[in-house]
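Colleague: I should be grateful for a close look at one part of this model, namely its nonpolar core. Please also comment on any residues elsewhere whose backbone or surroundings deserve attention.

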Amino acid sequence: MKIDKNVPIPARSYRGGVPRGSRFDALIAQMKAGDSVEFPWERDQDGNVRYIGKEGCRYRYSKDGSQFKTYLTKKKIHYTSRSLDTGCRVWILD
């Protein structure tokens, strides 16, 4: 096997040549420290709030809220969140 040195790494290729963004990018761009957004709880077919987890350790679930918090963590944006009766609210910090 031949070892090559100083070979430049090509830029990543994306579908259509355009970098893929997140659906949260526009939302984050409009937010500043102290702003918050609420994600409603997931509901089942009957309209009841969906719970996940095992018996005795169940909690309400918001798919969008969970994905938003994961995205903020990856982008190293500080946040805090609280569970409210109507949904999960996420605040952007400093």
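Modeller: The core is described below, followed by three residues outside it.

The model is predicted. Its largest nonpolar core has 12 residues in all. The aromatic members are Phe 24, Phe 39, Trp 41, Phe 68 and Tyr 71. Joining them are Ile 28, Met 31, Val 37, Leu 72, Cys 88, Val 90 and Ile 92. Two or more residues each come from β1 (36-40), α2 and β5 (87-92). One core member, Tyr 71, can be followed further: neighbours within four places in sequence aside, Tyr 71 is in contact with Ser 22, Phe 24, Asp 25 and Ile 28. Of these partners, Phe 24 and Ile 28 are themselves listed in the core.

Beyond the core, Lys 76 is found in the loop between α2 (63-74) and β4 (79-83). Lys 76 is exposed, because its relative accessible area of 73% is over 50%. Its phi is positive, about 60°, although Lys 76 is not a glycine. Most residues other than glycine have a negative phi. Asn 6, in the segment before α1 (25-30), likewise has a positive phi of about 60° without being a glycine. With a relative accessible area of 78%, Asn 6 is also exposed.

Finally, Arg 58 belongs to the loop between β2 (51-52) and β3 (59-60). Arg 58 counts as partly exposed, because its relative accessibility is 45%. Apart from neighbours within four places in sequence, Arg 58 is in contact with Tyr 51, Ile 52 and Gly 53.

Key:
Residues numbered from 1 in each chain as written. Predicted model: local features only at pLDDT ≥ 70, side-chain atom pairs only at ≥ 80, totals over all residues. Heavy atoms only, no water. Helix = DSSP H or I, 4+ residues; strand = E, 2+ residues; numbered from the N terminus. Buried < 20%, exposed > 50% of the residue type's maximum accessible area, 1.4 Å probe, protein only. Contact = heavy atoms within 4.5 Å. Core = buried A, V, L, I, M, F, W, Y, C linked by side-chain atoms within 4.5 Å.
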